[in-house]
Amino acid sequence: MPLNPEDFTYMAQALRLAERGVYTTMPNPRVGCVLVNAGQVIAEGWHIKAGEGHAEVNALCAAGENACGATAYVTLEPCSHTGKTGPCSQALIAAGVSRVVFAMADPNPQVSGRGLERLREAGIQVDGPLLEDDARALNPGFIKRMERKLPLVRCKMGMSVDGRTAMASGESQWVTGKKARVDVQRLRARSCAIISGIDSVLIDRASLTVRAAELELPDADIIAARQPLRVVLDSRLRLSRTANILQQATPILVIHNGTASADALSDWPAHVEFLALPANDGRINLTALLQELAKRQCNEVLVEAGATLAGSFLRRGLVDEVIIYMAPKLLGSQARPLFDLPLNTMASALPLKVRDIRAVGTDWKITATPDTEY
């Protein structure tokens, strides 16, 4: 059956539903579903939380017997495997839907076309992909983890107009304004992990948590209940047992280079985990770190670090997206730079593609990606 204008309308509605799970579905993808029968929307659903019903199941439960003969619009290929819940493809078959329109195939090797094949074998009309680019934009981290065994990496920085992040003394509170800080809280909330270096953790007294009061979102308490994994790169284990980051008992992963003594690794709070990773010249192998986080089912990670660590991620080609909040201030030539990038010629410059620029309160938010085609 050829796609028609109504198909685009209903799929766009399903995509908007999927977006509601942006802060809560990880490590699962964000998925929406709309059921239409006789030209009328009879039910809708979206995946709310890992371990709970998927979008299709939630929509089918809302539709009841009306699902028989309906068309299901789903933003991701219905799954064919049993995880914490049963396969959605089988649920659609059992409900008697007559047609399924999907936005994109599932990049998960456990599914990868099998869900669509199962539907077709059951005599269900399957059409798609439809609005695939929009669907992929909903789940960039999940897709990258499935396809490349790495999480999506965002690097967040705040700077003055003259490209400075802090005074020479390290003083940095606050370069940017309140609205920018609210936006950063939302970046944290959608991330599976936050990566920082030990210097930033100690100097800034960082907690790296999602704070419900600062999210300015509906259901902020529910969103903040799922705290991202806090990852601290601490090669020589300088983390203090009284550090501010330890005050909230949500998981912390401390990465070191393997030279720490057994005594140094003992008698820490239960929510602190230590992991030794390969190091070059004493510095943690960042690719090995990201591979480890992917194994822990991290889809999107946020780098909140100083110029040295942020620059290391960039130089190694490990950053997918750079987000810079630019404040209308001048901090002067003695202040600290945005990235530590020892570049000496224009030919060695790292080109970026600016994807978006918008005002956030009194500041400007610049979203860019590395320009690999430059």
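In this predicted model, Ala193 has a bridge partner in strand β9, and that partner is Leu229. The contact belongs to a longer pairing, since strand β8 (residues 193-197) and β9 run together in the parallel sense over 5 bridges. Strand β9 also pairs with strand β10 (residues 252-256), again in the parallel sense, over 4 bridges, and within β10 the bridge partner of Val231 is Leu253. The two pairings can be set side by side.

| Strand pair | Sense | Bridges | Bridge partners named |
|---|---|---|---|
| β8 and β9 | parallel | 5 bridges | Ala193 and Leu229 |
| β9 and β10 | parallel | 4 bridges | Val231 and Leu253 |

How many of the residues of strand β9 are buried? For β9 (residues 229-233) the count is 5 of the 5 residues, so the strand is largely enclosed by the rest of the structure. In a regular strand the side chains alternate between the two faces of the sheet. In β9, Leu229, Val231 and Leu233 lie on one side, while Arg230 and Val232 lie on the other, and as all of these residues are buried, both faces are covered.

A separate matter is the empty space inside the model. Rolling a probe the size of a water molecule over the atoms shows where such space is left. A search of the whole structure finds 1 cavity of 30 Å³ or more, and the largest cavity has a volume of about 50 Å³. The residues that line this largest cavity include Thr25, Met26, Arg30, Phe142 and Glu300. Sorted by class, the lining has 3 nonpolar, 5 polar and 2 charged residues.

Technical notes:
Residues are numbered from 1 along each chain as its sequence is written. This is a predicted model: local features need pLDDT of at least 70, side-chain atom pairs count only at pLDDT 80 or more; totals for chains, interfaces and linings use all residues. Side-chain values use heavy atoms; hydrogens and water are left out. On a 1 Å grid over the protein atoms alone, a cavity is a set of points where a 1.4 Å probe fits but cannot get out, and a pocket is an open set with protein on both sides within 12 Å along at least five of seven lines; lining residues have an atom within 4 Å of a point. Grid points are joined across faces, edges and corners, and a volume is the space filled by probe spheres set on the points. Ala, Val, Leu, Ile, Met, Phe, Trp, Tyr, Cys and Pro count as nonpolar, Asp, Glu, Lys and Arg as charged, and the others, Gly among them, as polar. Buried means under 20% relative accessible area, exposed over 50%, partly exposed in between (1.4 Å probe, protein chains only). Helices (H or I, at least four residues) and strands (E, at least two) are DSSP runs, numbered from the N terminus. Two strands pair if DSSP finds at least two bridges between them.
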